[in-house]
There are 2 protein chains.
Amino acid sequence: MRLTEDLATTLRGEFGDRFQTGAALRQQHGATTTWLESQLPDAVVFPETAEEVAEIVRLCAGAGVAVIPFGAGSSLEGQVNAPFGGVSVDLTRMNRILAVNAGDMDVVVQPGVTRKQLNVHLRDTGLFFPLDPGADATLGGMAATRASGTTAVRYGTMRDAVLSLQAVMPDGSIIRSGGRARKSAAGYDLTRLLIGSEGTLGIITELTLRLQAIPEAVQALRCSFPTTASACEAVIAALQCALPLARMELLDAMTVRAVNAYSKLNLPEMPLLLVEMHGSPTGVAENAQAFCEIARQFGATVIDEARTPEERTKLWQARHDVFWAVCAMRPGAKGISTDVCVPVSRLAECIAAAENKVAETGLIAPIAGHVGDGNFHHLILVDPEDQAERAAASDYIGWLNDLAISLEGTCSGEHGIGQGKRRYLAREAGEALRFMAAIKRAVDPLGIMNPGKMLPE
Amino acid sequence: MRLTEDLATTLRGEFGDRFQTGAALRQQHGATTTWLESQLPDAVVFPETAEEVAEIVRLCAGAGVAVIPFGAGSSLEGQVNAPFGGVSVDLTRMNRILAVNAGDMDVVVQPGVTRKQLNVHLRDTGLFFPLDPGADATLGGMAATRASGTTAVRYGTMRDAVLSLQAVMPDGSIIRSGGRARKSAAGYDLTRLLIGSEGTLGIITELTLRLQAIPEAVQALRCSFPTTASACEAVIAALQCALPLARMELLDAMTVRAVNAYSKLNLPEMPLLLVEMHGSPTGVAENAQAFCEIARQFGATVIDEARTPEERTKLWQARHDVFWAVCAMRPGAKGISTDVCVPVSRLAECIAAAENKVAETGLIAPIAGHVGDGNFHHLILVDPEDQAERAAASDYIGWLNDLAISLEGTCSGEHGIGQGKRRYLAREAGEALRFMAAIKRAVDPLGIMNPGKMLPE
């Protein structure tokens, strides 16, 4: 599946300087955010239109060369690695916002637009794109990996945010799936099939995304709980009361210590729940009060703060800096980010078991999570040179995935499968894996689309 | 694909009285709610477990006999017809509610449970299942056809409500897709692929559904607008203000006349918008006032009413009786229900064009719709004996579907494709249809699952 001389010549002829084979660029397009070893593509090409993407895929299909779509490169499970070489298709030049349909609260974008770029563009419309996975990922990459982030509890994930898409399929044809209607019962849901397919079924070349109205008022609370279990119980109680909470983020005590040191904060070093409410001024005030009462019933100390955008930004910046704050706990160590997701009622049990297991193994592995969804992240600090520690971390991740699956959860709430979680997907999907493989073969019979990802060998 | 003597003998041996070939029962399992001709299955079988469903499918696969899943029989596009004969698999005996997980706000049900049965079961939990397509459909049928209804604007469609499912696949294997976690980025989204596949890829044998907390307060408004266009504009303005509206139903003047006559009401005979808000008492009051102001800006007369459950039930009963009210306008005529869905900003234009076209053709075809989604229903009253009128109705439906597609909409918002809309799906999906067909062949290589539905020949 490696790039052939002939194909390189053809691509260079068609794309000129937009076709590159230099080592530095190829290195940048291998996996960089994960502990998986980088596996470089043979070349990188920068298309500017769907037709150019189609041409690249047709040429690669003709030569049996692997095609690896690339956005911001912020995926966490080796999704952009090139284990069989081939051509990395960098979509960042396809970064135009094609239409803002304010009346329909949707927007049409090319896949290389990043979520921050989109929100800057929307700032005068009263609308925003709510999904926030932390990294300033491209929207095409977010769709391809079914990303979500801190606001999923209120606004859903990319599965919900994408109204329709255009994609280049493995034979180089260009399809459209869905229109701009807000719902449809017409045919198989190819949109949802491509969302989360991690480039293994096609390359997304255009997205129509649902937007949300910017809330009139936003209010944030920070609640320090005696235990993670009590924080989880408070969250469940709030969800059952139908309190419209826009974000609910849990940091364990170890993470809070790291954040305090990194972001120069003085948060109490116990489990911390950050809550944000969006709505009308009276609505958020009413909901904040209701949440305070619930949190206090479960032993929390609640600080009602961050009414101004500046204070809120500082608080959420600290949340988003968790990765770096944790990494700073152990200079020289590599931070391995892994996630699982379980039913909310099993979250406290899952986190407690994880904390015990981490203590047993001697790993440093703080927890931060989107607790309203039952989704949490482990940041495991590993000395990259210490093979025993790497093995311990790998064993621990396997144990955690099995635990999540046994609790009726999933091996990935939002990071996807890539290379890192293929074996866990096999365990989780069971008999269903055969049908995933059948669909892959039917759509990509040559197996050129992002090979070595998602489905086990 | 017809039932063979041998297979009939085997099924009778295994299922006894739960295998039936009587004409009346077969007639009842052909399409009854549509204008499509009934096409009877050769037999009806009543499984009670997923394993029994798997056994039926394995036997039918071995004999090359068609399998047609059957729930309440309330689908509107011929989904349960048996154009090639075969075995109708009636799932109504699989009607047990297997688990209510209040902490996770989900429920596990067999596919034959109806939505009303589920809500009766949930009445003491403070939770409810919000989707309301009018008919008391089975939840398996609702999932298979991606049903939605009046509350989709707030709570989404079956696509959003199903957390995970169990299905019997065309080779008789039983798969599970998804767990009880509220989100997942693990593998291809087989759950969403089966939702809306209308029994052509497998038979759903279990569903895990998201529930919602019963709102503390509910308030309903009825607004009479000078034109359908002004009603649509008011709806768009309200959506852009992020007003949390739980239902927004539009009835055109002709429908209001029919409802007045049928339900003994005195509604002003002009376009009527029924709006319902769910939330806290102060929240719904605030939102109701905000909506009133918007509606009046667009010329509406607003009646704030239906604060009590009894009044609301009467109002919504009238909405749900629209089908019968319209049918009563012309005794002896057959009511043909068809739906399309367009971006909300194109809805007024689409309805105005439809009304003009209806006037041109001389058909009687009132409109009622889920206006917050851009989805509306036409109820076309046709003399079933009048071939010219049937042809005119059919031509009109074709014209309307083409119009919706040209407005970036879809040929079905919630009724699905079945037999009736296959040609429109082909127009709408274009090149994507090839991949739908490839997936169908990969998953059901023998083509036994609900043949003659969804995909064109």
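The exercises below work through the domains, two sheets and the chain pairing of a predicted model.

Residues are numbered from 1 along each chain as its sequence is written, and chains are lettered from A, with ligands numbered from 1, in the order in which they are written. In this predicted model local features need pLDDT of at least 70 and side-chain atom pairs count only at pLDDT 80 or more, while totals for chains, interfaces and linings use all residues.

**Exercise 1. State the domains of chain A and describe the side of domain 1 of chain A that touches domain 2 of chain A.**

Step 1. The assignment for chain A lists domain 1 (5-92), domain 2 (97-213), domain 3 (217-322) and domain 4 (325-418). Such bounds come from an automatic or database domain assignment.

Step 2. Between the C-alpha centres of domain 1 and domain 2 of chain A the distance is 22 Å. Domain 1 of chain A puts 16 residues into the contact and domain 2 of chain A puts in 22 residues; two residues are in contact if their C-beta atoms, placed from the backbone, lie within 7 Å.

Step 3. On the domain 1 side, the elements giving two or more residues are α3 (50-63) and β3 (67-70) of chain A. Helices (H or I, at least four residues) and strands (E, at least two) are DSSP runs, numbered from the N terminus. The most comes from α3(A), with 6 residues.

Step 4. Sorted by class, this side of domain 1 of chain A has 10 nonpolar, 5 polar and 1 charged residues. Here Ala, Val, Leu, Ile, Met, Phe, Trp, Tyr, Cys and Pro count as nonpolar, Asp, Glu, Lys and Arg as charged, and the others, Gly among them, as polar.

**Exercise 2. Describe the sheet that holds β4(A), and place Pro83(A).**

Step 1. The sheet is open, has 4 strands in the order β1-β2-β4-β3 (chain A), and its pairing is mixed. Two strands pair if DSSP finds at least two bridges between them. At the edges are β1 (19-20) and β3 of chain A, each of which pairs on one side only.

Step 2. Strand β2 (residues 43-45) of chain A pairs with β4(A) in the parallel sense over 3 bridges, and Val44(A) stands opposite Ser88(A). β3(A) and β4(A) also run parallel, joined by 4 bridges. Ile68(A) has Ser88(A) as its bridge partner, and Phe70(A) has Asp90(A).

Step 3. From strand β4 (residues 87-90) of chain A, Val87(A) and Val89(A) point one way, Ser88(A) and Asp90(A) point the other way, and all are buried. A residue is buried if 20 or more other C-beta atoms lie within 10 Å of its own, exposed if 12 or fewer, and partly exposed in between, with C-beta atoms placed from the backbone.

Step 4. α3(A) lies across β2, β3 and β4 of chain A and runs at about 170 degrees to β4(A). Axes are lines fitted to C-alpha atoms, for helices over the stretch in contact, and angles run from 0 to 180 degrees between N-to-C directions.

Step 5. Pro83(A) belongs to the loop between β3 and β4 of chain A. Pro83(A) is partly exposed because 18 other C-beta atoms lie within 10 Å. Leaving aside residues up to four places away in sequence, Pro83(A) touches Gln39(A) and Gly452(A).

**Exercise 3. Give the strand order and the edges of the sheet that contains β10 of chain A.**

Step 1. This open sheet of 5 strands has the order β5-β6-β10-β8-β9 (chain A) with antiparallel pairing. Its edge strands, each pairing on one side only, are β5 (97-101) and β9 (174-177) of chain A. From one strand to the next the twist averages 10 degrees.

Step 2. Strands β6 (residues 106-109) and β10 (residues 203-210) of chain A run antiparallel and are joined by 4 bridges. Asp106(A) stands opposite Arg210(A) in β10(A).

**Exercise 4. Relate chain B to chain A and characterise their contact.**

Step 1. Chain B superposes on chain A by a rotation of 180 degrees with 0.0 Å of shift along its axis (RMSD 0.0 Å). The fit is by least squares on the C-alpha atoms of residues with pLDDT of at least 70 in both. The two copies are therefore related as by a two-fold rotation axis.

Step 2. The same surface serves both copies, as 100% of the contact residues of chain B recur in chain A. In the contact, 78 residues of chain B meet 78 residues of chain A.

Step 3. On the chain B side, the largest share, 8 residues, comes from α17(B). By class, that side has 34 nonpolar, 28 polar and 16 charged residues.
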